[in-house]
Each structure stands twice: as C-alpha cells, then as structure tokens.
Amino acid sequence: MTLVGRALPRREDALVLEGRARYLDDIDPTGGAHATFVRSPFAHARVGAVVAPGDAPGLVAVLTAESLRGRVRPLPFQVPDGVTAADEPHPILADGEVRYAGQPVAALIAESRPLAEDAAELVEVDYEPLEPVVDARAPGVDLVEFRRSGGDVERAFASAAHVVRGTYAMPRLVAAPMEPRGAIASEEDGLLTVWCSTQDSHRAVAHLAHSLDRPPESIRVIVPQVGGAFGSKGGAPAEAVAVAAAAIELGRPVKWAEDRLENFLAAYQGRGMEADVELAFDGDGRMLAVRARIRADVGAYLLQATAVPPHTAGMLMCGCYRLDAAEVEVVGRRTNRVPTGPYRGAGRPEAAYFMERAVDDAARELGIDPVELRRRNLIAEFPHTTPLGFTYDSGDFARCLDRALELVRPERSDDGERAVGTGVGLYVERAGGRFESAVAALQPGGRVLVRGSTSPHGQGHDTTFAQVAADRLGLEIADVAFEFGDSAVVPPGIGTFGSRSVAVGGAAVAEASDRLREACLAAAARVLGAEVSWDGGALVAADGRRLTLAELAEAEPGIGAEARFDSDLVFASGAYAAVVEIERAAGRMRVLRLAAVDDAGTIINPLLAEGQVLGGVAQGLGECLSEAATFDDEGQPTAANFADYSLLTAAELPPIETAFVESASPLNPLGAKGIGEGGAIGTPPAVANAVADALGHGVDPPFTEDRLWRAMRT
Ligand code: MCN
C-alpha cells in the first residue's frame, strides 16, 4: 500500500510531547548575555536624547539608533508585482521618531534577563508626543497602493440590471503563537550564527544580510523547534538584527526571548482591512463584474511582507465566480499602530469575507436564494483565468458547496427569542509559486536522509514529506529521515508560508527522491556490472544477485541527488457552511455546527490535513466570536494580553464536520495544493453569513454580545 494518502500520525510529536524538543528559549549558549528592549510608551512621538544608566548592575552594553549608526540598515521589504510602496522601512531601533506603542527604542544587554530588565527601567528617553493617526479611513499617507482591472468594467456596470453595494470590515488580529519570537546571535571567525524562532532560515539570512550589510555566506541561521508562527514569524525581526549587532560588538553570544506583552505590542499583526464592494448582475442573476476599494490599516512602517496581504486580497476579489470584468483599488494607509503582515490566510480571508458577504447581500436584494445565486455563477471549467489575471489550475466549486450543505444540515427559524440561520462561505486560495529544493542522500546503513528547504513549525512536514520520499523510493517511512531549518545544511528555497510547502517543497522532495533512485540504480549497475531493477530496499540484477541499500552505500559511498522545483501558482478552494443561533435578548451567538469542505488537490496525509483545517477553523471562529486587536484614541493597544484578547479554546469549538474534495493540480508531480490556511479563510464568511441569515442583515465580526445586541437595535 502506498504511503501517500494514508492518515499516519505525526512522528515528530513524540519529541514535543515528551518535552525533548528544544525551543529557542531552551538554548543558553556558554558565556551568553541577555537582551531586553526599551519600547515606546507612545503611539507617536519625537525621540530626543536616550540616556542610559552608566553603571547598572550586570549591564554590558546599551544600543540605540545613535550607537548603531553606520552598522545597521532598516529591515528590507517586499513589493509585490504592480504594487507601489512608499520607502518607509522599519528601523532597527527608533531614530528620532517613534510611530507605534511598543516600537523598540533601545536594547539593553546584561549578564541576565532580569538585570537587563532592571537596567531598562533606568533608561530615560526624551519623548515629545505627537498626534497619532488611529483611523485608516482618515486622509493620510498611503504606504501601499495597488490597482488592477480586467475586462470592460464600465460597460458591465452600465449594462447591469442590478448593482449591489456593501461595505465590510475585518478587524486587526494578533497571530498569538504559543511560543513568542526570539533570537540568539553569536559570531565566531567571521561567521555570524543566529538561532531564530522563525518560519524558515532563508528569508532570515537574507534580512540579516541586508540589515547588517554583510554577505549572506557569512551568516548561518538555525531554526530550532518553533512553537507556532501562523505567518507572524516571517524572516528576521528588527530585534534579531539588534541582537546580532550586539553579539558582533561584544564578541559574545546575545539572547533575546520575547515575552507575551512584547508579542502583543510589537509582533506584526494581521487583517485590519475594509472594503466597499459593488457587484453588477444581469436580469437573470448572472454576475457580470466586481468593483472593490480595499482600505488596509498597514500600521507604521512596511515590514518585509506588509504589502503582501492587501495585494493578495485585491487579486482574489473574483472569488469563485465567472465574471466578465473586475476592478480593484487597494490602499494601505499608514497609522500609528504596529505594522501588519501575514497572519494565517494573509489577504485570502479578507477577499473571501468581502466577496461572500457581498454575494449574500446581493441574494437578499435580488430575492434569490444565496446558494442558488452562487450556483448560477460558479466557475466550472479549469484552467480559468480571472479578469484580474490569476489562473485557477483546478477545482470543483459546486461539489464543495454541495458537500458543505449536506454536512451542515441547514436550518432557519426565529421565534422572537432565538434566531437561527445558515450561511455559506466559499474561497479560493493562492498557494504555491516560486521555488523550493531538496537533497536526498543514501547514508551508511542504507537509510535515506532528505534535507528540505521548507521549515515546519507545527505543520508536520517530517511525517508528510517522509511519506512522499518513502513512496517514491519504495521504502518504509522509518527508512527516511528529514532535516529542515539550518541554512548551513538545507538547500536553497523561499520558505514556509502561503500554504505552499507541500505543493512546492513536497514536489522538490518527490523529484529529489526520484533522482536518488536513478542514482542508486546507476551505482548498483556499476557495482554489479549488470543492469539492475529497484525492489524497495534492494537492487536486483537479472541473474538474481541482490544488493541492499546498505550494501550499496558501503560499496559506493556518497550517492545523492538534488532537485529544485519551480512552481506556478496553484489555487486551493473550499466551501464552508455554518449554522448559528442568536439569543435576541442578550445578543449571544452560538455556532451550532460548522462544515468545512476543502479542495487542496491530492491529500498526502488526511489526518494532518484535517488537523490543519481544524486549527484554521479554530482561528477563524476566534475571529468571529471574540478576537480583535483594538486601540484607543491615543493609539494605545487595549487588548494586549489574553484576558482582553480572548483566544478561543478547544472547549469552545462547536461540532465541526470536515471533508476533502481532491481536484489534483496539474502543476506539480504530487497533484497537491495548499491546506494550511483554508479553515481560517472559509470560516469567517460562513459564520458571518449565518449571522446575517438569522438577523436579516449583516454585521462585521467579532460577533460579541455587545456588537450583536447593538446591531439588532439599530
Ligand atoms: N497537506 C496534505 N496534503 C496537501 C496539502 C497539505 O496532506 N495537499 C498537509 C501536510 O501534512 C502538510 C500540512 O497539510 O504538512 C500543511 O501543508 P501546506 O498546506 O503546504 O502548508 P505549509 O506547510 O506551507 O504551512 C503553512 C501554513 C500557513 S501559511 C500558516 S499561517 C500556518 C499553517 O500552515 N501556520 C501554522 N499551519 C500551521 N500549523 C501550525 N501547527 N502552526 C502554525 O504556525
């Protein structure tokens, strides 16, 4: 039986469950010093003198923008195709101005973390408070701009029998990984080694090389066990650059392990977008065109991927629908808040939410059942190129929708006290793209070691990729070992984000495994002096002579192969459905049932894929029920701990039914697309539409008692 497609439990879990996994804060290099950061108490202020204590106990060094001048550059940032971005990078330490509460102003390095924190208390910073920008709708500075249109939008709207308009908003969210961020840096013989709790080593190397202005070859990034990231640990944070600069200056290791408050204040946040959406329909309820203006509150600076979610949201505004024309205008407004960046879904949940809410509003206005309206307009043939220029490789949107409805058992009633409604939310997810690579080597003893360029932090790549490699080689899964995350040993790649690891990294693993098999066949032919064939763990000549992989490794050491897989974008999709109940008197909402149907192409491991869906659903539901990163009029965060920022726990999850539709992608050898974000994308529109169905009108999340109570009375 092949291994791909089997629901195998994660073999990497034993390490975590038995407490043997080593996270960043478990690493204490000999002779290391500890860093803490003085952070701005103001959302916006001019920064004058920074006066540090000369003789605080255990204090080793104080870093400020002044002392780092000429030694570091602000963090680099990425500008997606077609986006205009302002030159507003995030400084390593604030230089003359702070633009969000929590921005690092000075780094204190001491013999221990408590001593560093004590010294930080003594630092005096001359702040001159300035007016903060807290409303992304107010006129201001745009850091990101993107426009795209395709088809004749004007004509579509001019000829439309109906035009439906709505405005929809998604609050800012924090990713809240169980393990906050952190970095340890050490320089020896010109090699800077940085252990970093990050999503992959490659981007961290690139960021450190840029900000420290040194060749990437002189930097090694080691990713230890990472306790979740959910998009919020892409590349190297400013604090890691400061720690590296300190280690270089002091000639000793320096460690920074973020605490929870810092994570709430200074780790980039997600979402925080709203959109005006217009849909044009003909007289038969056929959707002709979409026009959307998306406003993103991108925060104070551009971090490496700040521009990515708004761009992705814009590009996905055609959703699952056949349209003649589309036009999107995206503006990322500067505010005095911590910058935004990718958080599970990164623009996809926003697009799905905006579009699916608009479709439901249209259904109400046109008097057509929302499911029926969708059915009339779903894309049914693939590949399909949207008017905005994305080419969907494969899918079966109608089947996903049917299955979701079957699983959720729709319900609708209202007895004046209790309103029950059902909603659906469809999504298309951009995944794949760019490249990843893998190296596979036959080791002494006959086991295979594969090194992959992606870097798991909870997704289970060790098990999943071993299923792929072992299948290609006809081996047992236990015969394949994996290594990830150390830039000194893993081959080049981009990293783990955007649910691209299996489709791109997994494809590279498959190809490297195929090539290793070819290399073993060739080597065995040399050793045996005859043509051989592959028989699982052995190579067999026509005359019956056999060579096990262990014997082959001994006869010809160093057999290996590598592969790089360049990937087009692949498009996963899904249909979610939810049934909610609202107690009218209190505004209390309960999700009674939720169905999640995802199409991530060929599923490698259904157990892990389902785990990904459930995790994403939990985050999507958290967003619906309670989560919002809020700020007051001074720009101060008002939800910077787990009492005020309420994460959903497993106990609060409703019954969830999951199913997969597997429309294989023709674009990679595995037929795989991405599943890592689906739950976080499909859940909010399904729940929001169920709320709207129950109440007869829509409301934006979070659906707290307060907000629903008010919504019912206005
Ligand atoms: N999978 C599968 N078959 C497919 C696709 C995926 O079996 N066709 C399974 C595999 O077990 C794979 C997992 O799903 O290990 C996720 O694969 P993929 O969809 O390729 O996503 P990535 O591995 O690239 O993970 C990134 C994605 C993102 S973008 C966020 S954010 C996220 C997520 O994964 N952050 C996570 N899931 C997370 N899960 C945990 N525990 N922690 C995080 O920080």
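Helices (H or I, at least four residues) and strands (E, at least two) are DSSP runs, numbered from the N terminus. This is a predicted model, where local features need pLDDT of at least 70 and side-chain atom pairs count only at pLDDT 80 or more, while totals for chains, interfaces and linings use all residues. Residue numbers start from 1 along each chain as its sequence is written, and side-chain values use heavy atoms, with hydrogens and water left out.

**Exercise 1. Find the two cis peptide bonds ending at Pro383 and Pro702, and place each proline.**

Step 1: go to Phe382. The peptide bond from Phe382 to Pro383 is cis, and omega sits near 0°. Pro383 belongs to the loop between α10 and β17 (384-385).

Step 2: move on to Pro701. Its peptide bond to Pro702 is cis too, with omega near 5°. Pro702 is in the loop between α16 and α17 (705-713).

**Exercise 2. Work out which way α9 and α16 run relative to each other, and what makes up their contact.**

Step 1: get the geometry. Axes here are lines fitted to C-alpha atoms, for helices over the stretch in contact, and angles run from 0 to 180 degrees between N-to-C directions. Helix α9 (residues 348-366) packs on helix α16 (residues 678-695) at about 25°, with the axes 8 Å apart.

Step 2: classify the angle. Under 35 degrees counts as roughly parallel, over 145 as roughly antiparallel, 65 to 115 as roughly perpendicular and the rest as oblique. So α9 and α16 are roughly parallel to each other.

Step 3: get the hand. A crossing is left-handed if the near helix is turned anticlockwise from the far one by less than a right angle, and right-handed if clockwise. For α9 passing α16, the crossing is right-handed.

Step 4: list the contact (heavy atoms within 4.5 Å). The α9 side includes Tyr353, Glu356, Arg357 and Asp360, and the α16 side includes Ile681, Pro684, Pro685 and Asn689. Sorted by class, the contact has 9 nonpolar, 1 polar and 6 charged residues. The classes go like this: Ala, Val, Leu, Ile, Met, Phe, Trp, Tyr, Cys and Pro are nonpolar, Asp, Glu, Lys and Arg are charged, and the others, Gly among them, are polar.

**Exercise 3. Do the same for α10 and α11, then ask which α10 residues are buried.**

Step 1: the axes of α10 (residues 370-377) and α11 (residues 397-408) come within 11 Å and cross at roughly 160°. That's why α10 and α11 count as roughly antiparallel to each other. Their crossing is left-handed.

Step 2: from α10 come Val371, Arg374 and Arg375, and from α11 come Leu401, Asp402 and Leu405. By class that contact has 3 nonpolar, no polar and 3 charged residues.

Step 3: check burial (buried is under 20% relative accessible area, exposed over 50%, partly exposed in between, with a 1.4 Å probe and protein chains only). Val371, Leu373, Arg374 and Asn377 are the buried residues of α10. Down the axis of α10 they fall within an arc of 160°, so they line one face of the helix; the arc is taken over directions from the helix axis to the C-beta atoms.

Step 4: see what covers them. The cover of the buried α10 residues includes β14 (270-281), β15 (287-299), α9, α11, β20 and α16.

**Exercise 4. Decide which residues of α3 are buried and which are exposed on its other side.**

Step 1: in α3 (residues 113-121), Arg113, Ala116, Ala119 and Ala120 are buried. Viewed down the axis of α3, these buried residues fall within an arc of 125°, so they line one face of the helix. A general reminder: an α-helix has 3.6 residues a turn, so residues three or four places apart point the same way.

Step 2: flip to the other side of α3, where Pro114 and Glu121 are exposed.

Step 3: among the elements covering the buried α3 residues are β1 (33-39), β6 (104-110) and α7 (260-266).

**Exercise 5. Are Arg271 and Arg434, two residues with positive phi, buried or partly exposed?**

Step 1: Arg271 lies in strand β14, and its phi is near 60°, a positive value in a residue other than glycine. At 4% relative accessibility, Arg271 counts as buried.

Step 2: Arg434 is in strand β20, with phi near 60°. At 46% relative accessibility, Arg434 counts as partly exposed.
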